[in-house]
Amino acid sequence: MTNVVVVGSQWGDEGKGKVVDWLSNRADVIVRFQGGHNAGHTLTIDGKVFKLSLLPSGVVRGGKLSVIGNGVVVDPWALIDEIERVRALGVDITPESLMLAENATLILPLHSAVDKAREVARGENKIGTTGRGIGPAYEDKIARRAIRVCDLEDEGILAQKIDDLLLHHNALLRGLGAPEFKADELVAQLRAIAPKVLPYTGVVWRTLDAARQEGKRILWEGAQGALLDVDHGTYPFVTSSNTVAGQAATGSGSAPGALGRVLGITKAYTTRVGSGPFPTELDDDIGQRLGERGREFGTVTGRARRCGWFDAVLVRQAVKTGGITGIALTKLDVLDGFEHLRICVGYRWRGRDLDHLPASQVAQAEVEPVYETLPGWTDSTQGARSWAELPANAIKYIVRIEELIQTRVILLSTSPERDDTIVTADPFGD
């Protein structure tokens, strides 16, 4: 028996929500360890659709402890709103089933204002953020001026820290020509939300250590994907946190040795939301077909996702930097009916052949994909629950992906429904 970390191996939107929900049936504790409410996980369970952002996917299952770790930046108003929306769908969420790390950083209204004002100022060079204040909140955390969940318990320290925070942010907003914030109004807003948030607060690192000592299974759930990692992604078109599996330890106060296996969620083609390089992007009828069949619209923003062929170079890189020990391949059914499929097996840049995506922003924008063409299939894979139900060419496509990314496909998702999943190896090691 082992614990499992689930991460995205592309630019996010790989279908982590469904896979984590499927795995959480056998886990005791489910932990979010980075990101904020810019991440969106869609779960379809018995025809009912749950759209989660801050809440771990495990909340829809009874008898589990869901944890929001210290590596997450938390908008307290968005959190309470999401709890209430999920409750309205019949899910019981209580302080016994949900724990929020006392040392997690808070997102305030001013963070969203700064986020949006800076994107406007960048013009055509905008990063493509969701405007929800994720980046500015992480900046405050690193600059040691953040408001944390535990600060809501003491009105004196809260007022002092808000004053210090506005020294920085009001000067920035003034320079960007945006409205400034008043300290007393922010403090009043936080005092009003505090009684709703504080009952969920706990010592996450101690709770997780106790769970390990008791032999309970822990499932860590990442947000976004490896290519949005602030260090290993397509910088600067990335998120403001580390999205690779190593962050599960620091983002929850867990020992690195506790993490166990790493499952990389991987879409059978490639998508991306927002700005930034995308070597295999298809600006044609095929790209549009992938988007329409895959319903490629952001869970949180509703923005249309850019679509392209599977990029084995990028996924292999994510496997190496993230310690991925197996992948869950999702949305294979979207490829049903294509006469031919292409896989990116390398890049060409300024006359050179590359087997990885370089760190240079210029090189990332200029690399040209080198493709390998495989035959498609006409039979449907949707809803398949065994390898025997898959067309021969679909199996060949999967095997070729395994060879190129140098790790195994251990789960295969063939529809949004929880049980439409093919398992070749147990992620928990039973």
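In strand β19, Val 409 is the bridge partner of Ile 327. The pair belongs to a parallel arrangement in this predicted model, where three bridges join strand β15 (residues 326-330) to strand β19 (residues 409-413). Both strands are part of an open sheet of ten strands with mixed pairing, and its order reads β9-β7-β5-β2-β10-β1-β11-β15-β19-β20. The edges of this sheet are taken by β9 (201-202) and β20 (421-423); each has a single partner strand, so one side of each is left without a neighbour in the sheet.

Within the same order, β1 sits between β10 and β11. Strand β1 covers residues 4-8, and five of its five residues are buried. Side chains in a regular strand alternate between the two faces of the sheet. In β1, Val 4, Val 6 and Gly 8 point one way, while Val 5 and Val 7 point the other way, and all are buried. Towards strand β11 (residues 261-267), β1 forms five bridges in a parallel run; towards strand β10 (residues 218-221), β1 forms three, again parallel.

Val 5 is a helpful residue to follow through this part of the sheet. Its bridge partner in β11 is Val 262, and its partner in β10 is Trp 220. Leaving out residues up to four places away in sequence, Val 5 touches Phe 33, Trp 220, Ala 245, Ala 248, Leu 259, Arg 261, Val 262 and Leu 263. The largest nonpolar core has 89 residues, and those touching the most other members are Val 5, Val 74, Leu 100, Trp 220, Leu 332, Leu 335 and Tyr 397. There is also a second, separate core of 15 residues, with Val 4, Val 20, Leu 263 and Ile 410 among its members. In soluble globular proteins, nonpolar side chains tend to be buried together.

Just ahead of this strand, Asn 3 lies in the segment before β1. With a relative accessible area of 11%, which is under 20%, Asn 3 counts as buried. The side chain of Asn 3 has two backbone partners to look at. A polar atom of that side chain lies 2.9 Å from the backbone nitrogen of Ile 218, and the side chain also reaches the backbone oxygen of Ala 258 at 2.9 Å. Beyond residues up to four places away in sequence, Asn 3 touches Arg 212, Lys 216, Arg 217, Ile 218, Trp 220, Ala 258, Leu 259, Gly 260 and Arg 261. The C-alpha atoms of Asn 3 and Pro 256 are separated by 11 Å, with these positions 253 residues apart along the chain counted as their separation.

Two further polar residues are found in loops. Ser 241 is located in the loop between β10 and α8 (247-250), and its relative accessible area of 5% makes Ser 241 buried. The side chain of Ser 241 makes a polar contact with the side chain of Gln 34 at 3.0 Å. Gln 34 also appears among the residues that Ser 241 touches outside its sequence neighbourhood of four places, together with Gly 35, Tyr 138, Leu 228, Asp 229 and Val 230.

Thr 381 belongs to the loop between β18 (368-375) and α12 (392-405). Its relative accessibility is 0%, so Thr 381 counts as buried. At 3.4 Å, the side chain of Thr 381 reaches the backbone nitrogen of Asp 333. Apart from neighbours within four places in sequence, Thr 381 is in contact with Leu 332, Asp 333, Asp 336, Leu 390, Pro 391, Ala 394 and Thr 414. One of these, Leu 332, is also among the residues that touch the most other members of the largest nonpolar core.

Turning to the whole protein, the secondary structure comes to twelve helices and 20 strands. The radius of gyration is 22 Å, close to the 22 Å that the globule rule gives for 430 residues, so the protein is as compact as a globular protein of that length. The C-alpha trace spans about 65 × 50 × 40 Å along its principal axes. Of the 430 residues, 55% are buried. Among contacts with a separation of 6 or more, 76% come from residues 24 or more positions apart. The accessible surface is about 17600 Å², and carbon and sulfur atoms account for 48% of that area.

Key. Residues are numbered from 1 along each chain as its sequence is written. This is a predicted model: local features need pLDDT of at least 70, side-chain atom pairs count only at pLDDT 80 or more; totals for chains, interfaces and linings use all residues. Side-chain values use heavy atoms; hydrogens and water are left out. Helices (H or I, at least four residues) and strands (E, at least two) are DSSP runs, numbered from the N terminus. Buried means under 20% relative accessible area, exposed over 50%, partly exposed in between (1.4 Å probe, protein chains only). A polar contact is a pair of N or O atoms within 3.5 Å; within protein, one must be able to donate a hydrogen and the other to accept it, and residues adjacent in sequence count only if both atoms are side-chain atoms. Contact means heavy atoms within 4.5 Å. Two strands pair if DSSP finds at least two bridges between them. A nonpolar core is a set of buried Ala, Val, Leu, Ile, Met, Phe, Trp, Tyr and Cys residues joined through side-chain atoms within 4.5 Å. The radius of gyration is taken over C-alpha atoms; the globule rule is 2.2 Å times the number of residues to the power 0.38. Accessible areas come from the Shrake-Rupley method with a 1.4 Å probe; for residues, only the protein chains shown count as cover.
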